Amino acid sequence: YQQLILSRNVTPVSWELLMAEGLTIEDLDHEEIINTGRDGVEEGHLRSPMQGKDIEYVLTKFNLLRDSKPKKAAIALFGNNVVDGYIQCTIRMARFKGVKKGAFVDKKQITANAFTILREAENFIARNTAVSATVIDGQMQRVEKAEYPYKAIREALINSLCHRDYASPGGSITLVIYDDRLELINTGLLPAGITLDQLKGDHSSHPRNPYITNVFNKRGFIEAMGMGTQAIIDACLSEGM
């Protein structure tokens, strides 16, 4: 039904702006919210100092409340042990032996808020990818090099959290690591008017979830300029990939 509405160029109510029925501010991770506010101030994206400010103040600054009650964007970003009704806030991770699906080396699935998912995914990648060490002439210490560029991995993970289709209850993020590649699979199409080829060069920014994306931007995790895919490509090319 939503796809039919979209095909008729009628803008539906965004999932992230819907109210989180039955949930309150107490269902959110307060420490993560405070850290987000402090990061925003340190990055220069928020002017007001966070000292002495309460949780509701921070959420209001990000427009994540209505009548002191959380919107769904607040749950996706800061939900604390919330599963019922938000199963799409899930990441499935697997490390397979070889170059196709088969024997598991490692696997994990979690349903959590976006920042917890980001940390868990980074940890999973770190323990399931190689790090090589090179000795450079004239230097006492070895230079360690990860199998995949950290910047590219982080950009891709954040992209999957910011731009996925949260309105699809069956959708989740899938992270799969093989011997020869890493795949990050997400739910949702590209925004109208944006092609795969355009993602390789300068292009306008069309975030599917602007309120969720805004929090990542204000926290200093991403730029709000449509530069994420270029950063991924550049990071890989710089490593000869």
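**View 1. Helices H5 and H6 pack at an angle of about 145° in this predicted model.** The axes of H5 (residues 114-128) and H6 lie 10 Å apart, and H5 passes H6 in a right-handed crossing. To follow the contact on the H5 side, look for Ala114, Ile117, Leu118, Ala121, Glu122 and Ile125. Their counterparts in H6 are Tyr150, Ile153, Arg154, Leu157, Ile158 and Leu161. Sorted by class, the residues of this contact are 10 nonpolar and 2 charged, with no polar ones.

**View 2. Four strands form an open sheet in the order E4-E3-E7-E8.** Here the pairing is mixed. Strand E4 (104-111) and E8 stand at the edges and have a single partner strand each, so one side of each is left without a neighbour in the sheet. From one strand to the next, the twist averages 10°. As a reminder while you trace the strands, those of a sheet pair through backbone hydrogen bonds, in either the parallel or the antiparallel sense.

**View 3. Strands E7 and E8 pair in the antiparallel sense.** This close-up takes in strand E7 (residues 173-177), which is joined to E8 over 4 bridges. A handy landmark is Leu175, whose bridge partner in E8 is Leu184.

**View 4. Helices H5 and H6 lie across strands of the sheet.** H5 lies across strand E3 (90-96), E4, E7 and E8. Its direction is at about 175° to E4. H6 lies across E7 and E8, and runs at about 20° to E8. If you have come straight from the first view, these are the helices whose axes were 10 Å apart there.

**View 5. The largest pocket holds about 1200 Å³ of space.** Of the 50 residues that line this pocket, Asn159, His163, Leu199, Thr229 and Ile232 are the closest to its centre, and they make a good starting point for a tour. By class, the lining has 27 nonpolar, 15 polar and 8 charged residues.

**View 6. Helices and a strand contribute to the lining of the largest pocket.** Which element gives the most to this lining? That is H6, with 11 residues. Helix H6 (150-163), strand E8 (182-185) and helix H8 (228-238) each supply at least two residues of the lining. Two of these elements will be familiar by now: H6 packs with H5, and E8 is an edge strand of the sheet.

Conventions
Residues are numbered from 1 along each chain as its sequence is written. This is a predicted model: local features need pLDDT of at least 70, side-chain atom pairs count only at pLDDT 80 or more; totals for chains, interfaces and linings use all residues. Side-chain values use heavy atoms; hydrogens and water are left out. On a 1 Å grid over the protein atoms alone, a cavity is a set of points where a 1.4 Å probe fits but cannot get out, and a pocket is an open set with protein on both sides within 12 Å along at least five of seven lines; lining residues have an atom within 4 Å of a point. Grid points are joined across faces, edges and corners, and a volume is the space filled by probe spheres set on the points. Ala, Val, Leu, Ile, Met, Phe, Trp, Tyr, Cys and Pro count as nonpolar, Asp, Glu, Lys and Arg as charged, and the others, Gly among them, as polar. Axes are lines fitted to C-alpha atoms, for helices over the stretch in contact, and angles run from 0 to 180 degrees between N-to-C directions. A crossing is left-handed if the near helix is turned anticlockwise from the far one by less than a right angle, and right-handed if clockwise. Contact means heavy atoms within 4.5 Å. Two strands pair if DSSP finds at least two bridges between them.
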